Amino acid sequence: MATPGGMIRALHRGTLAQNMVMDRIFSGIQPTGTPHLGNYLGAIQNWVNLQEKYNSVLYSIMDLHSLTMPKESAVLRQNILDTTAAILACGIDPRKCFLFRQSLMKCTGQNNDGNVGLLTYPVLQAADILLYKSTHVPVGEDQVLHLELAQDIAQHFNKKYGEFFPVPKAILSTTKKIKSLRDPAVKMSKSDPQKLATVNIVDSPEEIVLKFRKAVTDFTSEVTYDPSSRPGVSNLVSIHAAVTGLSIEEVLHQAIGLDTARYKMVVAESVIQKFTPIRNEIKKLQEDKTYLIKVLEAGAEKAKELATPIYQEIRRLVGFQ
Ligand SMILES: Nc1ncnc2c1ncn2[C@@H]1O[C@H](COP(=O)(O)OC(=O)[C@@H](N)Cc2c[nH]c3ccccc23)[C@@H](O)[C@H]1O
């Protein structure tokens with residue numbers, strides 16, 4: 001039975017508090033400038049909803065992960081601030097979640113230098129998730145395999161050292177994979193060399209119209225939803241439903257009588273409506289660098305407070321201390 005002294009010691013070590021599994025949301029985004037429509041619909045829109053529903057929510061700007069596609073340091077620095085401005089503008093509220101840079105949490109007070117092992121992509125991602133004992137990870141479909149590694153590592157650790165990590169579960173949005181507008185067989189991606197394939201949150205209304213006008217569909221002019229046989233037009237229907245908050249049936253109903261060419265303009269308009277206030281807010285936030293840096297620093301402090309006792313307990317369980 002726990003004695004009061006033992007209890008206090010346990011609390012001090014964090015054991016009791018950490019063994020109680022509480023729901024904790026964790027997710028992250030690489031700072032590749034401002035996010036695109038896929039990031040927004042696959043992840044960020046969900047993040048905004050989840051910060052309202054959960055008490056412990058952490059979102060991280062994954063600057064270490066972004067080193068897999070190296071950039072000049074000045075570009076990286078700017079991208080970090082732009083990504084921060086963008087996700088704040090999308091509705092992420094630093095009073096409801098911890099928003100911080102990944103690199104501010106790593107190698108601090110831990111006496112270990114960064115190395116290739118640390119940067120090995122999916123392992124680093126698993127470490128990010130587990131370091132906070134996260135229970136839920138809102139991501140797009142392309143991250144599910146990475147998350148499975150985190151689940152395996154958690155289970156392996158628990159088997160060896162006793163139940164410690166919750167096994168983190170993915171939270172997928174209904175639009176878990178937004179496709180390229182130029183090739184609906186592949187996902188929309190920041191690194192797509194085809195400029196018209198990816199809609200960025202800060203694109204002007206003219207650019208958005210152009211990208212949707214050129215979106216690859218097929219030779220049937222009617223608007224229907226069948227992702228396997230009509231991936232191009234179905235991608236437009238998914239986007240339309242997700243940005244308006246309507247169901248697939250409702251947007252299909254609205255599209256009755258429209259051919260795909262006209263429907264593309266309806267979808268473009270709905271995306272413009274969604275992104276215009278966000279774009280304006282991003283511009284405002286980008287002008288206040290000091291604020292952005294302050295938000296990230298405050299978030300890092302709070303994330304560190306959360307992670308430190310967990311990290312110490314991991315070290316103790318493993319036998320490092
Ligand atoms: N076309 C698309 N359709 C739907 N969703 C999409 C699309 N493109 C991107 N996403 C989602 O956007 C989020 C951020 O993408 P990143 O590539 O920066 O995301 C990445 O590169 C991660 N490895 C960052 C990361 C590092 N550590 C983590 C720990 C937990 C969660 C995430 C992370 C992701 O949720 C991604 O699934």
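Student: What makes the backbone of Ile 178 a polar contact partner of the ligand?

Tutor: In this predicted model, a backbone N or O atom of Ile 178 lies 2.8 Å from a nitrogen atom of the ligand. The cut-off for such a pair of N or O atoms is within 3.5 Å, so the pair counts as a polar contact.

Student: How do you know that the side chain of Gln 143 counts too?

Tutor: By the distance. A polar side-chain atom of Gln 143 lies 2.8 Å from a nitrogen atom of the ligand. The limit is 3.5 Å, so this pair passes.

Student: And what makes Asn 39 a polar partner of the ligand?

Tutor: Here the ligand offers an oxygen atom, 3.1 Å from a polar side-chain atom of Asn 39. That is again within 3.5 Å, so the pair qualifies.

Student: How many residues surround the ligand, and which are the closest?

Tutor: The count is 27 residues. The closest are Gln 30, Tyr 121, Gln 125, Gly 140 and Asp 142. Each has a heavy atom within 4 Å of the ligand, so each is called near.

Student: Why is Lys 179 said to be in a loop?

Tutor: Lys 179 sits between β5 (169-171) and α9 (205-213). Its contacts beyond four places in sequence are Pro 184, Val 186, Lys 187, Met 188 and Asn 235. They are called contacts because heavy atoms come within 4.5 Å.

Student: Now the domains. What is assigned to each?

Tutor: Domain 1 takes 24-106 + 116-175 + 289-318, and domain 2 takes 205-287. Their C-alpha centres lie 29 Å apart. Each domain brings 14 residues to the contact.

Student: What area is buried between domain 1 and domain 2, and which atoms give it?

Tutor: About 1100 Å² is buried, and carbon and sulfur atoms give 77% of that. On the domain 1 side, Leu 37, Tyr 40 and Ala 89 supply 38% of the buried area, more than any other three residues.

Student: How many salt bridges and polar contacts cross this interface?

Tutor: The rule finds zero salt bridges. One residue pair is in polar contact.

Student: Which element gives the most to the domain 1 side?

Tutor: α3 (37-53), α4 (73-89) and α13 (289-318) each supply at least two residues. α4 gives the most, with five.

Student: What makes up that side by residue type?

Tutor: Ten residues are nonpolar, two polar and two charged.

Terms used
Residues are numbered from 1 along each chain as its sequence is written. This is a predicted model: local features need pLDDT of at least 70, side-chain atom pairs count only at pLDDT 80 or more; totals for chains, interfaces and linings use all residues. Side-chain values use heavy atoms; hydrogens and water are left out. Domain bounds come from an automatic or database domain assignment. Buried area is the accessible area (1.4 Å probe) that two parts lose on being put together, summed over both. A salt bridge is a side-chain nitrogen of Lys or Arg within 4 Å of a carboxyl oxygen of Asp or Glu. A polar contact is a pair of N or O atoms within 3.5 Å; within protein, one must be able to donate a hydrogen and the other to accept it, and residues adjacent in sequence count only if both atoms are side-chain atoms. Helices (H or I, at least four residues) and strands (E, at least two) are DSSP runs, numbered from the N terminus. Ala, Val, Leu, Ile, Met, Phe, Trp, Tyr, Cys and Pro count as nonpolar, Asp, Glu, Lys and Arg as charged, and the others, Gly among them, as polar.
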